[in-house]
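Let's take a walk through a protein together, one piece at a time. Have the picture ready and turn it as you read.

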Amino acid sequence: MTTHLATAPAGKVTLRGVLRSEAIRFFALNSTRILIAVAFVVYLGIAAIATWGVGSLNNSDMAGMGEVQGMEMMTDPNMAAQLIGSGLVFSQLILGVLGVLLFSGEFTTGSAVSTFLASPQRFRVLAAKTILITLLTGIVQIAATLAAFALCKPISDAYNLGLEFGSESFQKVLWFGALAVIMAALIGLALGVLLRNSAGGITSLAGLFFVLPIIVALLTAFTDWAQYVAKFMPDQLGIGLATPASVSTDLEQWQQLLGVAGWIVLPLALGAVLLAKRDIK
């Protein structure tokens, strides 16, 4: 009598399966939930405080400040929507850190070896992480902006600031604000791939969005090329699309979108090349 041993069918690794695995593992981390909650609360808090502060100022004895040079924005009809986007730069940093941790965490904890043993196709893993962080940060930012609108609408109505959901200015904050945050998160992901170190990636992200713009702004007083470079800094491009009244630029919208695409594609492309060439350890 011949006995045949049953063999389990070989499993096929797919992008969908890798994406599901990455999502389960990422949401199981306390740091993920904490950063999302912090980003949400900080964005709402800044939007509410900014709306209340400007509304109070406009209704005070200083209501004529809009006529002061450099304060024209105070009487801009799109001001209420712009105020909702006041916390975008913090959302970029906080949710950008999620992008860094999504990949650098693999090397910090040593789980990168098991990840790439389970899915040897490295580009598939990178693609899954890219899709995950794009969807996650985009949804979180859109939800935060909608919540900020609901919170700030009564405040803006009380001060006659004219906040309207269907206005072009608010729609820019809603959609371009999400794009600005997604850009920061994908840059963070690329930094996680390139540096393979959480502390280094987070520090580099903060330097890119906070320190480097200050240095470039100082250089604009002395050199002409710095003024050109400043237009294409990631913070200027993203915030400029979402809140154009608060960021002065002579770039067309398509040029700004092209710049955002460049900041997303180029770091990720470099990260993909190095991911394919370097050892996983």
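Which residues does Y43 touch, leaving aside those up to four places away in sequence? Keep in mind, as you look, that this is a predicted model. The partners of Y43 are I84, G85, G87, L88, S91, Q141, A144, T145, A148 and V173.

Y43 also has a place in a wider group. The largest nonpolar core holds 70 residues, and Y43 is among the members that touch the most others, together with I84, L98, F103, I133 and L189. Helix α7 is the biggest contributor to this core, giving 15 residues.

Now zoom out to the whole chain. You can count 11 helices and 0 strands, so the order of elements from the N terminus on is simply α repeated: α-α-α-α-α-α-α-α-α-α-α. Of the 281 residues, 44% count as buried. Among contacts with a separation of 6 or more, 78% join residues that are 24 or more positions apart.

The UniProt record, an unreviewed entry, adds some labels to this picture. It places the feature "transmembrane region" at residues 34-55, 83-105, 126-151, 173-195, 202-223 and 257-276. Take two of these spans and follow them in the model. Residues 126-151 are 100% helix, with end C-alpha atoms 37 Å apart. Residues 173-195 are likewise 100% helix, and here the end C-alpha atoms lie 32 Å apart.

Next, find helix α10, which covers residues 234-242. Is α10 mostly covered or mostly open? It is mostly covered, since 8 of its 9 residues are buried. Those buried residues are P234, D235, L237, G238, I239, G240, L241 and A242. They pack against α4, α7, α8, α9 and α11, and α7 is the helix you met as the main giver to the nonpolar core.

Finally, move to the outside. The accessible surface of the chain comes to about 14400 Å², and 68% of that belongs to carbon and sulfur atoms. On this surface, V211, L212, I215, L219, W225, Y228 and V229 make a nonpolar patch of about 640 Å². Helices α8 and α9 are the elements that each give two or more residues to the patch, and α8 supplies the largest share, with 4 residues.

Pause on one member of the patch, L212, which sits in helix α8. Why does L212 count as partly exposed? Its relative accessibility is 34%, and partly exposed means a value between the 20% limit for buried and the 50% limit for exposed.

Methods
Residues numbered from 1 in each chain as written. Predicted model: local features only at pLDDT ≥ 70, side-chain atom pairs only at ≥ 80, totals over all residues. Heavy atoms only, no water. Buried < 20%, exposed > 50% of the residue type's maximum accessible area, 1.4 Å probe, protein only. Contact = heavy atoms within 4.5 Å. UniProt positions renumbered as here; feature names shortened; annotations may be inferred. Core = buried A, V, L, I, M, F, W, Y, C linked by side-chain atoms within 4.5 Å. Patch = residues over 30% accessible without salt bridge, like charges linked within 9 Å, V, L, I, M, F, W, Y side chains within 5 Å. Areas by Shrake-Rupley, 256 points an atom, 1.4 Å probe, with all protein chains shown as cover. Salt bridge = Lys/Arg side-chain N within 4 Å of Asp/Glu carboxyl O.
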